[in-house]
Each structure stands twice: as structure tokens, then as C-alpha cells.
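Trainee: I would like to learn how to read a model of a protein with a ligand. Can we go through one feature by feature?

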Amino acid sequence: KRCTAIVLAAGQGKRMGTKTQKQYLNLCGYPVLWHCLHTFEESAVIDDMILVTGEDQIDYCRTEFVEKYGFRKICKIVAGGAERYHSVLNGLRAMEKNACEDGYVFIHDGARPFVDEPMLERVYADVCKYEACVVGMPVKDTIKIADTDGFIKETPKRSLVWQIQTPQVFSASLICYAYEELGRREKELLDRGIQITDDAMVVEEICGRKVRLTEGSYENMKLTTPEDLEIAETFLRRKNR
Ligand code: CTP
Ligand code: MG
């Protein structure tokens with residue numbers, strides 16, 4: 001089946017706090033976003049990519065990533081929205097109708113440079129079996145659930161707590177349905193105080209579906225705050241050695 005990667009690069013990068021958005025910052029000679037695009041371009045799993053970026057960055061992305069670096073699998077560049085899930089919805093809507101009925105969708109944060117081919121093969125195997133899976137890793141620290149008053153409420157069993165990464169991968173019909181439904185029910189969910197922070201949640205909340213956890217890697221970090229750039233550089237230097 002056709003595998004489409006939706007690569008998200010429409011965020012503002014507020015926590016990184018740099019003038020240039022984090023997805024375009026230099027990471028060992030290439031923009032942050034280049035690294036995952038390169039992995040998808042070379043991948044035997046991925047057939048095509050839809051890049052979601054800011055309205056005002058579409059031309060820049062076309063020049064930079066399609067023309068300069070020659071990523072041939074990028075078939076569309078579309079504008080994102082205010083929240084991550086708006087950007088995902090715009091990406092899904094840009095898919096060809098036939099791909100939307102019968103393919104798989106890999107939703108990936110453009111700010112995660114360390115997705116690799118074995119990981120793509122693991123999620124592909126899992127999505128074929130389970131229709132919905134996300135990569136992640138068991139947490140290393142103990143995680144506490146806080147009360148609104150700043151005291152600890154509970155301590156979930158550490159071995160059952162996972163940090164979730166991307167790609168998050170779904171059969172296309174399932175994720176397209178879930179996101180369209182989210183679009184319709186956005187206000188209701190917001191009113192109930194539900195914040196949508198990842199794609200698995202949409203499938204869990206809207207469809208009540210089980211989502212499989214697939215092994216990601218501890219390196220598969222998201223560049224969020226300034227020190228993450230230094231860590232990412234260290235990882236890459238080791239890889240390139
Ligand atoms: N993203 C997006 N559209 C949005 C928000 C986020 O495409 N409206 C993308 C980001 O570009 C990033 C990924 O989703 O690749 C993960 O989001 P996050 O790390 O939160 O990035 P930002 O929203 O850019 O950063 P911040 O929350 O610090 O502003
Ligand atoms: Mg954000």
C-alpha cells in the first residue's frame with residue numbers, strides 16, 4: 001500500500017526562542033528539517049511526502065527542499081494552521097483521494113531529525129497489523145501526575161509510562177476520518193478541556209481505537225529548547241564519524 005509522510009513544519013518554535021524558526025536552523029550543515037526529509041527520501045518504506053509549513057514559507061520550502069536539495073518525493077507543500085492538529089488536518093486534506101482511501105499515513109514532526117529506516121520498518125510492520133501505531137520509548141525518569149495546586153496526586157507505574165514520539169502511523173481512511181471528525185467537534189472537545197497534543201489521541205478520543213506502541217529510539221528527540229540543539233549536534237557528529 002501507498003505510504004505518505006506528512007511532515008509538519010508550520011510551528012512557530014516559541015520555546016526555542018530563535019528568530020529563525022527551529023525547523024530551518026542549521027544542524028551540522030543542513031537545516032533541521034532536511035534531516036528527516038532526507039531519511040524519507042531514501043526510505044524504501046515511504047512513497048511520497050506532503051510538507052506542511054507556514055503560508056509565507058511555502059515558496060522558501062519549494063526553493064530550498066525541492067529545488068536545492070532535490071527531494072523528489074515531496075509532492076505537495078501546503079500551509080499549516082494555528083495548532084499542530086490544524087496543520088495535520090491540512091496535510092491530510094492535501095492527499096490524493098485514492099491514497100486517502102487505501103494507504104498508510106506517517107505523521108512526523110519536522111523538528112525530529114533522528115527518525116531512521118529501521119524505525120520506519122518497525123512502524124510499517126505494526127501499522128499493517130494494527131492500523132494505528134506510534135513510536136515511543138519507556139520513560140527513564142519517574143513521572144508524577146500533579147494536582148492543580150502544585151502537589152503530587154499520583155505516581156503511575158514507571159514501566160507503563162512511555163514518552164511518545166513521531167512518526168505516528170495510521171491507515172489513511174482511519175486517520176482521515178478521525179481528523180475530519182475532530183474538525184467538526186473541535187469546539188466540544190475544547191469545551192471539555194481536552195487538549196489535542198498528538199495524533200494517537202485523536203484516534204483514541206474520536207474513534208475509541210486501540211493504538212499500538214512501537215519501539216522508537218532515545219535519540220529520536222524533538223528539538224524544542226536551545227539545549228536540544230547541542231544534544232542533536234553531538235548525536236549527529238557521532239553518526240557521521
Ligand atoms: N507544528 C505545525 N503546526 C503548528 C504547530 C506545530 O506544523 N501549528 C509542527 C512544528 O513545526 C513541529 C511539530 O509540529 O515540527 C511539533 O511541534 P512543537 O515541537 O510544539 O513545535 P512548535 O509549535 O514550532 O514549537 P513551540 O510549541 O515551542 O512554539
Ligand atoms: Mg507547539
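Trainee: How many helices and strands does the secondary structure of the protein come to?

Mentor: Keep in mind that this is a predicted model. Its secondary structure consists of 8 helices and 11 strands.

Trainee: What does the radius of gyration say about the protein?

Mentor: The value is compared with what a compact globule of that length would have. For 241 residues the expected figure is near 18 Å, and the protein has 18 Å, so the two agree. Along the principal axes, the C-alpha atoms fill a box of roughly 50 × 40 × 35 Å.

Trainee: Which pocket does ligand 1 take up?

Mentor: Ligand 1 occupies the space of the largest pocket. Strand E1 (3-9) and helix H3 (84-93) are the elements that each give two or more residues to the shell around the ligand.

Trainee: Which residues are closest to ligand 1, and how many surround it?

Mentor: The ligand is surrounded by 18 residues, the closest being Gly13, Lys14, Arg15, Ser87 and Lys222. By class, the shell divides into 5 nonpolar, 6 polar and 7 charged residues.

Trainee: Which backbone atoms should I look at around ligand 1?

Mentor: For polar contacts, look for pairs of N or O atoms within 3.5 Å. Lysine 14 has a backbone N or O atom 2.7 Å from an oxygen atom of ligand 1, and glycine 11 has one 3.0 Å from an oxygen atom of the ligand. At glycine 81, a polar backbone atom is 2.8 Å from a nitrogen atom of ligand 1. On its own, ligand 1 has 560 Å² of accessible area, and the protein covers 88% of that.

Trainee: What should I look for in the backbone angles?

Mentor: Most peptide bonds are trans, and most residues other than glycine have a negative phi. Here, threonine 166 and proline 167 are joined by a cis peptide bond, with omega about 10 degrees. Proline 167 lies in strand E10 (residues 162-171).

Trainee: Where is cysteine 28 placed, and what is its phi?

Mentor: Cysteine 28 sits in the loop between strand E2 (26-27) and strand E3 (30-31). Its phi is positive, near 50 degrees.

Technical notes
Residues are numbered from 1 along each chain as its sequence is written. Chains are lettered from A and ligands numbered from 1 in the order in which they are written. This is a predicted model: local features need pLDDT of at least 70, side-chain atom pairs count only at pLDDT 80 or more; totals for chains, interfaces and linings use all residues. Side-chain values use heavy atoms; hydrogens and water are left out. A residue is near a molecule or strand if one of its heavy atoms lies within 4 Å of it. A polar contact is a pair of N or O atoms within 3.5 Å; within protein, one must be able to donate a hydrogen and the other to accept it, and residues adjacent in sequence count only if both atoms are side-chain atoms. Accessible areas come from the Shrake-Rupley method with a 1.4 Å probe; for residues, only the protein chains shown count as cover. On a 1 Å grid over the protein atoms alone, a cavity is a set of points where a 1.4 Å probe fits but cannot get out, and a pocket is an open set with protein on both sides within 12 Å along at least five of seven lines; lining residues have an atom within 4 Å of a point. A molecule sits in a cavity or pocket if more than half of its atoms lie within 2 Å of its grid points. Helices (H or I, at least four residues) and strands (E, at least two) are DSSP runs, numbered from the N terminus. Ala, Val, Leu, Ile, Met, Phe, Trp, Tyr, Cys and Pro count as nonpolar, Asp, Glu, Lys and Arg as charged, and the others, Gly among them, as polar. The radius of gyration is taken over C-alpha atoms; the globule rule is 2.2 Å times the number of residues to the power 0.38.
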